[in-house]
Amino acid sequence: MKSNLHMYVMAAPLLTAFLVNIFGRNNRKVIAPMVLGALGLSSLLAIAVLKRTLMLGDLSYTAGAWTPPWGIELLVDPLSALMLLLIAAVSFIATFAALPCVKRDLEDRQHLFFTLYLILIAGLMGLVLTADAFNLYVMLEITSITTYGLIALGRGRAPLSSFNYIIMGSVAASFYLLGVGYLYLLTGTLNMADIARYLPALQGTAALSTALAFILIGLWIKMAFFPLHGWLPRAYTDAPDGAGVLIAPLMTKVTIYLMVRLMLTFQSPTFPLISMDVRTLVIWAAAIGIVCASSLALAQRNLKQMLTYIIIAEVGYMVGGAWLANDQGMTGTLLHIVNDALMTLCLFLAAVAIAYRTGSLHFDNLKGLYRRMPWTMAFFTIGAFAMIGVPPTCGFYSKWYLLLGGIEAGQWEFVVALIFSSLVNAVLFFRIIELAYFGSLQDSEHHAHASAEPQEAPWWILSPLALTAVLLIVVGLSTGPLVNNIIRLMIPVGF
Amino acid sequence: MESILDHVIAKYNYWIYVVLMMIGFYAMIGKRNLVKKLLGMNIFQTAIILFFISTGAKKGGSIPILDKYAALQGQVDVNQVVNPLPHVLMLTAIVVGVSVTGVALAVMQRIYRKYGTLEEDEILHKIENE
């Protein structure tokens, strides 16, 4: 069905980005209401889009009235509507915490920060909406360029981390573009659904394998799939707090969704995209990635750095789950995209809250935090439980599906890696909980100026954290309807 | 030997793009100077742009500016016209490339102001000594 509704979801942050730049320059007070207003509107519209796609089916918008496959189509089905809602909601929640952080860190550059911030959100929404392979490249670069800028605004060695990310990100984007070029040469079209029509005839040709390999490697670098993850830990650790809460939950997850969407679009009974030997290779890489990233997380002595390695391990979960190529694995992957975005958001918000009060996230600094920031640490604990996979938090359910998928496919290395990673997560988080709960302030060298009085993070950071922690449990408990009404619908028969 | 040479000559445009791409890739991965890395990135992107453009070319093809009505009635022979779509795509890719280079240069300026050098080894050395 033709519709403009989903375009407004993306247009709200995009247009506000320019308005924030113009009006926020002279009057700092207008920035917060404008950004929150735009993202709030986006979230409401995204809910409307999700409802409408569930009732009426796919919504499509053709840019400039050029009909597809020639023109660019922006298509939304229930699954992309769910992703759209996830992006809108996560960015809306993250903005509350970003505002005070940016006000403190980048006093006179707030309007510039939020211009980039909003364009990044619009780009992420565009990635989810577009049905055109080349348009996807442009959106990918819009999100990447804004991310480079946001990361470079951080302190310390942030510019260097950002530069390394620029190099790796450009290699990734170029690989993707090259893959799209090969596909265009082979099929003569750039519309994804249209490309999928021509693929069965090209089965087994070297050119097609090369094209798909280039596209996949490009996306894997962008999502930091082990062993292509090198840029991520430093870039995400050094990003300013206000940018980290947005980038960490969304960037990798949206890229994984893109890979899944390409797989679901191209896969058909006559064209088995996922051939047996490649599949085993990818799942092995995912399993090794999960184990290595989890082990590296153990070696970190800084909370934020530890979280970045956990993100890399989680990427392994989702890529592996998608390539298991069965119903359970795919369900687990799609569910985990939603859950992991929320879990990462919760943990990063908690980290930002702690950093806002104590100034450092080094483990030595976390001692006695339960006494000083009881609420923050309570919500952090919920986030940690979700990451470990304790029911009824949402992390348990998606991991359960992934495990079932691994067992069904007989990929035992993946099952073992998942269980190992859950155990390591338990060790990681209980170590922090122990430090923060039992660690006495007296042993700390900071005891002179660190009082034991409760000293919570400001409401602007604490309330989104509380909301996310509640969401973790709510989403966990509503796993059934989510899977049955949205995710199962989108997985083609014979997967 | 001769057949390989024929192969290379027949598809020389693709060979040029592959060679350029490898040069760029080497500079990005192998060089330790940030400016050289950025130059490598630009060569890499240019190689891909050239690849796309060369795919649109046809022997004896003319510019793709056509009479709308003639085109609609099917009087235009597609073999006589260069495919314009890769050119259009590459206009966008060039814009993307320029913006990435711009951001990279700005970031590099901040690195230089902070550390006084653009050699990666020296920068890492300075960070360790901080």
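When I speak of contact this morning, I mean heavy atoms lying within 4.5 Å of one another. Please also keep in mind that what we are looking at is a predicted model.

Let me begin with chain B as a whole, which holds 6 helices and 0 strands, so that we can then turn to a single residue within it. Its C-alpha atoms, taken along the principal axes, fill a box of roughly 70 × 45 × 15 Å, and the radius of gyration of chain B comes to 22 Å, where a compact globule of 130 residues would have one near 14 Å. Of the 130 residues in chain B, buried ones make up 33%, and the chain exposes about 8,400 Å², with carbon and sulfur atoms supplying 65% of that area. If we take the contacts in chain B between residues at least 6 apart in sequence, 53% of them join residues at least 24 apart.

Now to the residue I would like to show you, I48(B), which sits in helix α3, the helix that covers residues 34-56 of chain B. Is I48(B) buried or exposed? I48(B) has a relative accessible area of 2%, and because buried means under 20%, I48(B) counts as buried.

Which residues does I48(B) touch, once we leave aside its neighbours within four places in sequence? From chain A there are S174(A), L177(A) and L178(A), and from chain B there are M21(B) and M90(B). By way of a distance within the chain, the C-alpha atoms of I48(B) and H125(B) are separated by 35 Å, the two residues being 77 apart along the chain.

Note on methods:
Residues numbered from 1 in each chain as written. Chains lettered and ligands numbered in written order. Predicted model: local features only at pLDDT ≥ 70, side-chain atom pairs only at ≥ 80, totals over all residues. Heavy atoms only, no water. Helix = DSSP H or I, 4+ residues; strand = E, 2+ residues; numbered from the N terminus. Rg over C-alpha atoms; globule rule 2.2 N^0.38 Å. Buried < 20%, exposed > 50% of the residue type's maximum accessible area, 1.4 Å probe, protein only. Areas by Shrake-Rupley, 256 points an atom, 1.4 Å probe, with all protein chains shown as cover.
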